[in-house]
Structures are given as C-alpha cells and as structure tokens.
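Please walk me through this structure one part at a time. I would like to see how some of its pieces are arranged.

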Amino acid sequence: MLLSEQDQFLSYNGEVLVFQLSKPKHAGETDDKTMDLCVRRMAFNRDTKLFVQKSSGVFSMHASHSKIEIICCSCTTDSRTGIVLPCILMKKKKRKNVKYFLLLLHSSNQFEPSFYFKLDYELKEDIRLFAGPSVLWRHANKLFYISSNTCVVESAPVELSSVVWTGEIAGEGTVVLGVRTACLPETEDAHGFSVSDRAIWGSEFFGYAIQTQKVLAGTCFMPHAYSRVVSSVYICKTDRLKKQLRISLVAVTHKNQLIWFQSGVPKGVCELPYEKPCLVKTAVTGSNDLLFVVAFASGSSCVVQRRDSLQVASKWQKVKCVLVDDFIGSGSEQLLLLFKDDFNTDVLSTFKITDLGEVNYASDINYKHDVPAAEGLQENGLLTVRALETRLQAGWTSVRELQQHLGLQKRVILESCRALIDLVEERTHILPNAREVKCRRWARSEGLVSLWDDVENPPHSLSKETSLASEVPEHFTQELWQRVVGDSLVVGVKLTESFYLSLSDVSLSLVMDQDFSSISPIIKCQSKIIKLNKAFSALAVSSSQIEPPPKKMKLDLLSKNDLRKEFPKRSRIQLDGAKTVTAVTSLSPLLAFHRVCCVVLLHARKQNHQNDSLQQSKKIMVLCGKILLSLEDISNGRYSVKMLRDNSYCTGSVEDILAVLAASVRFSFQIVSSDCTLTPVSSWLLGEMECTPFKECQDNVFCHKAGNVHGTVFTWTLKNPFEGVLTVFCRNLTVLFQCLHSLTRVLPPSCSVKLLRSGSKAVLTEQLALALEKEMLTFKNSLFLKETKAENSLTWGNESGKKINNAPLASLLDTEEGVQQFRKKLQHEREESVRSMNQTMNGALYQKTALTIAEVQLSSDMIVWRLS
C-alpha cells in the first residue's frame with residue numbers, strides 16, 4: 001500500500017500503527033461519497049529483520065461534498081475502562097462549518113466513535129489529545145477543550161500565547177503548561193523575584209489544571225526568563241516535598257538549545273546540531289540510559305544523552321518521524337526512525353531501530369543472505385559492550401579510591417600543618433580524638449602508615465633533636481622586616497654574625513597563623529641570602545640554586561663539608577657580610593584573605609666543629625617572629641620600597657635595597673673590548689638609563705628611567721680599562737633584554753658580551769685545581785685504606801708451621817722432592833693472588849668511602865659547570 005502525506009504513524013505496545021485515508025477498492029470512478037480510514041498493525045520480525053503486517057481494520061465515512069483529513073493521533077486513557085487506546089482526531093470540512101470527531105481503536109481493529117463537535121473555524125494551533133479522551137486547542141490566545149464525558153466545548157479562564165506541554169501531574173490531574181503576558185497583581189510584593197522577572201521579560205510561565213481549574217506557579221517549572229524562547233517541554237518526573245511541587249523537565253528553545261531543569265533551576269545545557277527544534281520526548285534504553293529525542297522542523301532529528309553532562313549522541317537527516325517503544329521485545333525502549341525515501345514509497349520501507357547501544361537494526365542491511373554473520377556480529381557487539389562496561393566500572397572504582405586517598409592525604413597534611421603551628425607557637429599539640437584513632441586503625445588495615453606517634457615515649461632521636469632548641473642563643477636576630485616589591489612580598493631576617501657563622505643551609509619559611517580548613521597554611525616562597533660587604537657589593541644567592549645536569553647519582557651528604565672548609569680564607573670573606581636571609585613569595589594570594597598573620601621560621605643546620613669530616617650537622621628550626629599583612633596597609637603604601645633622588649644620589653634604607661635585590665633576578669656579563677676603553681658603559685648608566693648611585697655605596701646604581709626598566713639595579717666593576725663585569729638585578733627577562741638592547745647600541749662593534757654563570761674565572765680556576773687535587777687524594781686514601789685492611793685480613797706466604805727453603809731454583813728442580821715443594825709454593829701464590837683480587841669490605845666502611853668520593857666529585861662538577 002502506498003503512503004501519502006496524510007498518513008499517520010503511532011507506536012502502540014511494540015507495534016507500529018499506520019493510519020491511511022483511501023477510496024474504497026470496490027467504488028466506481030464516479031463514486032466519491034465514501035472515504036475509508038484504514039489501519040495496519042506492523043510488527044518487527046527478528047528473523048527477517050523487517051516489519052510485517054499482523055492485522056488491519058477499516059472505518060468507512062460518508063464524504064459527500066466534504067473533505068476529510070487526519071488531524072493527529074495519540075495514545076490516551078479511556079476514562080470508562082482506564083485502558084490506554086489509540087485515538088485519532090478527524091476533520092470533515094464543509095462549506096459553512098467544520099466538524100471534528102474522535103475515534104478510538106480497539107484491539108480487534110474496530111473503530112469506535114467517541115464524540116464530535118462543530119466549530120466555525122479550523123483548528124491550527126497547539127492541538128493536544130489527553131485522557132478522557134479529550135481534545136485541547138488554542139485559538140485567539142484562548143484555551144478551549146472538550147471531553148467525552150461532557151461533549152461540550154469549554155473555555156478556560158486564562159489567556160495564553162502558546163502551549164508547551166500537556167500531561168498528567170499527580171494530585172493535579174491534567175495540567176497545561178503555557179506562556180502568557182505577565183500579570184503583575186497589586187497585592188504581590190513588588191520587590192519579589194518572580195514579579196521583577198516577569199516585569200523584565202514581559203511574559204511568564206503558568207500551569208493550568210483543567211479538572212480543578214487551578215492556576216499553578218510557573219516558577220516551579222522554569223524561570224520566566226525562558227518564556228520567550230522555549231518551544232517544547234517534556235516533564236520527566238514530578239513529586240511533592242512538604243506540599244511543594246518539584247518537577248524535573250527538559251525544554252528545547254528557539255536558540256537551538258536543550259536545557260535540563262530541576263525544581264525550576266537549570267542544571268545543564270546542550271547545543272543542538274540543527275535549527276528550529278519543535279518537539280522533545282524521552283526514551284529509556286536497556287542500560288538505563290535516559291535519551292532525549294529532539295525533532296526539528298526541517299525533518300532532522302537528534303538524540304541527547306545525559307550522563308556526566310548533556311551531549312549529542314547521534315543525529316539524522318531526512319527523517320519522516322521518530323517513534324519510541326519496545327519494537328524488538330527486549331523489555332526496554334528503542335528508537336524507530338522512519339526515513340523519507342523517494343524511490344520506495346511502501347510502508348516502513350526505510351527504517352532504523354537503535355538504542356545507541358546493543359540494538360542496531362537497519363533496513364539497508366541485507367539480513368536474508370547473511371543471517372548467521374549478522375547474528376554473530378550482533379553477539380560480538382554485545383560482548384564488546386559488556387567488556388567495555390566492565391572496564392568502565394573498574395575505572396570508576398579506581399577513581400573513587402584515588403579520591404578517598406587524596407582526601408586522606410589532605411587531612412594528613414592539614415593535621416601536620418596544625419602541629420607545625422602549635423610547635424612554633426610553643427603550644428602542646430593535641431593528637432586526633434578517639435574517633436580519629438579508630439579511623440587510624442582502619443587506615444592500618446588498608447595498608448596505610450600513621451604519621452603521628454602512637455607511643456607515649458618518643459624515640460631518642462626525636463628528643464635529641466628537640467633538645468637543640470636550648471642551644472640557640474636568645475638574641476640571634478637583629479631585625480625582622482617586610483617590604484612589597486611589585487607583586488612580591490619580601491620578608492627579611494637580619495641575624496647576628498656569631499649565630500650565622502655556625503649555620504649552613506639557611507632558609508626561611510612562612511606559615512599562616514590562621515586555622516584554614518580547606519587550604520594548606522604553608523606559603524610557597526623562595527629563600528635567598530643577601531650579602532652586603534663593606535664595599536656594599538651586592539650579591540644575591542638563592543638557597544635552592546640551580547645545579548648542573550647530574551653526571552652521577554647524587555647522595556645525601558648530610559651536610560658534612562662544603563667549599564668553606566676547602567677554601568677557608570675566601571669563604572670567610574663572604575660569610576662576614578652575609579647576615580640577612582630573605583624569603584620572597586607572591587603577594588596577591590595573600591591579599592585574598594584581606595588580613596593575614598604569618599609566622600617566620602628559620603631552618604638551618606648547626607655545624608659541629610670537630611675533626612671528623614663525616615660528623616653529621618644537626619637540623620634546627622627557630623621562630624623569628626610574626627608579620628601582619630593587610631590590604632589596607634598595602635593600599636596606604638606602608639611597606640612599599642622608597643627610592644628617591646636626592647642630589648644625584650638614590651635614597652633608600654638598607655632594607656629597601658635588600659628587598660629590591662631579593663625580588664630581582666641576577667645576571668652577570670663579562671664585557672671585553674680589544675680596540676678601545678669601556679668608558680661608554682658608565683656614561684650609558686648615568687645618562688641614557690638615568691641611574692643614580694646609592695648614597696651609601698656608589699658602586700651600585702638604581703635606574704630611575706620611566707618604563708619597564710625602572711627599579712633595575714646595576715653594578716659595574718672594571719678589572720682594567722678594557723675588561724669589566726656588569727651585574728644586572730632585574731624583575732624579569734623582558735627587562736633584561738631591553739637593557740642589553742640599549743647597551744649594545746652604545747658599545748663599540750668590537751666588544752664581546754658574555755654571560756657569566758657564577759663567580760670570576762680566575763677564582764673558579766683556582767677552586768677547580770684545588771678540588772681536583774682533593775679528588776685525587778680522596779681516591780688514593782680510599783685505595784690505601786683498602787690495601788691496609790686487606791693486609792690485616794689476609795695471610796701471605798706459606799701455611800702456619802711450614803717454611804719453604806729459599807734455595808736456588810735450579811737446585812729445587814734437581815730432585816723430585818724439590819719439584820713438589822716448588823709446585824706447592826706456586827699454588828699458594830696463585831691462591832693468595834686470587835684472594836687479593838676478591839677482597840670484601842664491610843657496609844659501614846664502604847658507605848663512608850662512597851660518601852667521601854661523592855662529595856668531592858660533586859664539588860668539582862659544580863665548579864666545572866660554572867666555568868663552562
């Protein structure tokens with residue numbers, strides 16, 4: 001049977017009902033007084049993978065001087081029996097009026113006329129069928145409906161511009177969700193959200209219950225702001241909480257979006273692939289996935305999946321209609337897509353059944369000639385999907401375990417930070433309570449290790465470390481200060497000279513004094529040692545200095561010896577002036593708290609001056625004080641660096657100079673000129689760069705030039721008129737490149753500029769020679785120690801109690817006894833040689849030797865890297 005544009009499709013209990021209008025087959029050419037409404041029940045055959053006709057029915061209608069059309073069809077509830085039946089709305093148009101009648105289709109394919117009504121206009125807008133059966137439509141911005149119980153057309157006392165949904169809501173009956181012009185009652189609060197929202201958009205949502213004639217608030221469905229763009233709605237779930245209606249729904253808009261709402265609040269949005277969406281409905285597949293099927297005015301369709309987020313899962317074009325039902329009898333719903341086919345106009349000729357998962361049947365696959373292969377492909381696809389689902393479930397399990405581990409790790413870090421704060425505040429830290437102790441026992445069962453001591457008596461090593469606090473002098477700090485340089489906070493601690501000379505590996509750390517439950521109180525910062533000697537020559541050295549690429553495995557030297565012991569004279573000059581330790585951190589994260597109090601801690605190793613080079617130094621942690629930082633103080637410039645000109649000099653306190661140096665990056669360049677002197681460098685600094693020397697030290701100059709280079713510090717040192725070293729303290733590489741670009745324009749073309757890593761070439765060469773000499777002596781002493789131990793542990797010569805006569809070789813070989821004696825002597829010497837090649841060493845001696853060798857090799861490697 002051929003299809004026409006008037007044909008309608010409806011899914012009912014897994015079958016496809018095809019409604020068609022046609023002339024009777026027995027009618028003559030001139031007989032036009034009768035029109036048949038035919039129905040065909042089509043079911044999917046899983047053997048042939050095609051739709052086959054199960055049964056059919058016919059309803060004849062008198063069509064004299066009238067035109068009959070199918071308006072719409074739907075499955076509605078018959079109020080007499082409560083059974084859901086297919087319902088068809090028909091139109092018979094005459095010259096003066098229009099007659100509409102409703103038909104019910106029973107399982108015997110018999111059509112039953114339900115009721116009819118006449119109108120003086122045609123139904124064109126928002127026609128809906130609902131329980132009863134009943135018909136609802138909109139005309140001239142008014143809502144009309146008729147039911148089989150009354151058979152009278154009634155008008156609802158509401159005006160509306162569109163209907164976006166009609167359906168059943170528990171406790172309310174049949175509800176119509178529509179859009180109307182905003183009504184602003186005088187009794188309602190003018191400052192209420194709903195009133196202001198409606199006033200802004202000029203329209204509002206509202207729900208109207210037909211049975212109770214009750215108006216429902218539209219905000220429980222969607223905000224009024226969406227009233228101008230929503231074209232269709234599907235309500236997924238309704239319930240009540242404390243007499244308040246809660247609704248979950250999806251809506252499609254004229255902006256080509258699908259939006260998920262829950263209790264009137266948007267929870268997700270998805271961009272649709274086509275324009276003008278006009279209808280949305282849902283499908284629940286076998287894997288309990290909720291699919292949203294969207295139909296477009298252009299004849300296209302798409303499916304949106306809701307898992308972690310809303311996303312388009314598939315899309316199709318040239319779609320005649322999309323039906324949702326259990327067409328294959330699997331117990332879950334599938335999508336049936338009927339496509340437009342210009343070459344084949346037969347019923348259900350081009351289709352596709354899918355649930356976007358295991359089920360996938362299409363009319364363009366020839367199942368007849370290859371049924372076993374198709375079944376095997378379907379089975380393999382099912383097994384693959386199950387395996388992938390298992391892997392996905394295992395992945396989710398791993399993610400949950402990782403989240404639990406990260407949560408436990410976060411709690412451990414926060415508890416450790418609280419313990420650290422209590423330690424520096426000299427308070428007794430309270431261990432976790434009994435409940436947390438139980439959690440800790442559970443953590444042990446999960447393979448975790450407690451980071452807090454569960455025993456009453458602490459280990460001896462811990463008590464020994466804590467006893468070092470008494471060795472720290474009372475007045476070890478001379479001053480604690482803070483400065484703001486750009487977006488950096490610089491905190492400085494000036495130490496007494498006697499205390500600093502006994503320390504190594506000195507650094508500072510900042511700990512917030514407030515108790516924050518969600519963030520770590522430890523502030524990330526970079527420690528630097530600022531050295532200002534008598535000549536006020538500035539040198540910034542980071543405690544975490546960049547090391548050369550490792551040439552060998554680096555061992556923990558436990559802070560035994562450094563270059564200060566190797567070169568005591570030169571190191572002593574540096575240590576005499578290096579008394580200020582600074583910490584630099586980012587300022588903006590701290591300002592987010594408006595006011596923050598930080599504890600300043602000094603970390604170092606206390607040197608033990610003993611002759612044993614492998615004697616371990618001891619770690620100490622000293623409380624230097626607290627700093628208070630507030631946004632108000634920053635705005636008032638309380639901690640700002642003040643560098644002003646005063647009679648060709650730059651005024652600034654020592655703390656200001658140290659703060660600028662600490663917040664800057666240091667670069668040193670060797671400038672060599674073979675043709676002329678380097679006088680232009682000084683002129684360039686004082687002229688083009690507008691630098692002025694510090695009042696207390698004229699070797700360092702401060703740049704006052706406007707722009708990015710402002711605040712840069714230069715140090716220019718001449719070795720001879722043709723060679724010098726320029727040190728630049730700048731904020732970043734951009735400023736450095738600007739300075740170098742300006743410098744190269746004033747230097748002669750024959751000048752060479754070379755970046756120096758650290759230290760002068762002559763000093764580094766001398767240090768390298770001494771380091772290589774010490775490395776050779778260390779190797780020699782290690783081998784000598786090994787030979788000495790071997791001599792004490794091995795027995796050389798003959799066995800105890802036996803002596804070999806040192807007779808001439810010729811006399812020994814004359815007799816048989818002499819030959820045997822010579823053989824024994826040769827065998828003993830061979831065994832002793834083998835034993836000397838396979839000497840062993842105990843663990844403590846080997847560790848001591850390996851640490852000594854590694855230390856001297858690392859020192860020489862560092863100097864070589866600096867020279868390269």
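The paragraphs below take up the cores, a sheet, a lysine and a helix in turn. The structure is a predicted model.

We begin with the inside. The largest nonpolar core has 30 residues. Within this core, Leu489, Val600 and Leu602 touch the most other members. Six elements give two or more residues to the core: strands S30 (488-495), S31 (503-512), S35 (578-586), S36 (595-606) and S37 (618-630), together with helix H5 (497-500). A second core, separate from this one, has 23 residues, and Cys691, Val735, Leu736 and Cys751 are among them.

Leu602 can serve as an example of a core residue. Which residues does Leu602 contact, leaving aside its neighbours within four places in sequence? Its contacts are Phe476, Leu495, Phe499, Leu503, Val506, Ser507, Leu508, Ile620, Met621, Val622 and Cys624.

Next comes a sheet. Strands of a sheet pair through backbone hydrogen bonds, and the pairing can be parallel or antiparallel. Here four strands make an open sheet with antiparallel pairing, in the order S17-S18-S19-S20. Strand S17 (230-241) and strand S20 (265-271) are at the edges; each has a single partner strand, so one side of each lacks a neighbour in the sheet. From one strand to the next, the twist averages 15°. The antiparallel pairing of S17 with strand S18 (residues 244-253) runs over ten bridges. Leu241 stands opposite Gln244 in S18.

A single residue shows a polar contact. Lys352 lies in strand S27 (residues 351-354). Its side chain makes a polar contact of 2.9 Å with the side chain of Asn360. Not counting residues up to four places away in sequence, Lys352 touches Asn360 and also Trp316, Leu335, Leu336, Leu337, Phe339, Tyr361 and Ala362.

The last part is a helix. In helix H11 (residues 679-686), the buried residues are Val681, Trp684 and Leu685. Why do the buried residues of H11 line one face of the helix? Seen down the axis of H11, they fall within an arc of 95°, and therefore they line one face. An α-helix has 3.6 residues a turn, so residues three or four places apart point the same way. On the other side of H11, Thr679 and Leu686 are exposed. The buried residues of H11 pack against helix H12 (733-744) and against four strands: S41 (691-693), S42 (700-703), S43 (713-720) and S44 (723-730).

Key. Residues numbered from 1 in each chain as written. Predicted model: local features only at pLDDT ≥ 70, side-chain atom pairs only at ≥ 80, totals over all residues. Heavy atoms only, no water. Core = buried A, V, L, I, M, F, W, Y, C linked by side-chain atoms within 4.5 Å. Buried < 20%, exposed > 50% of the residue type's maximum accessible area, 1.4 Å probe, protein only. Contact = heavy atoms within 4.5 Å. Pairing = 2+ DSSP bridges. Axes fitted to C-alpha atoms, helices over the stretch in contact; angles between N-to-C directions. Polar contact = N/O pair within 3.5 Å; in protein donor to acceptor, adjacent residues only side chain to side chain. Arc of directions from axis to C-beta.
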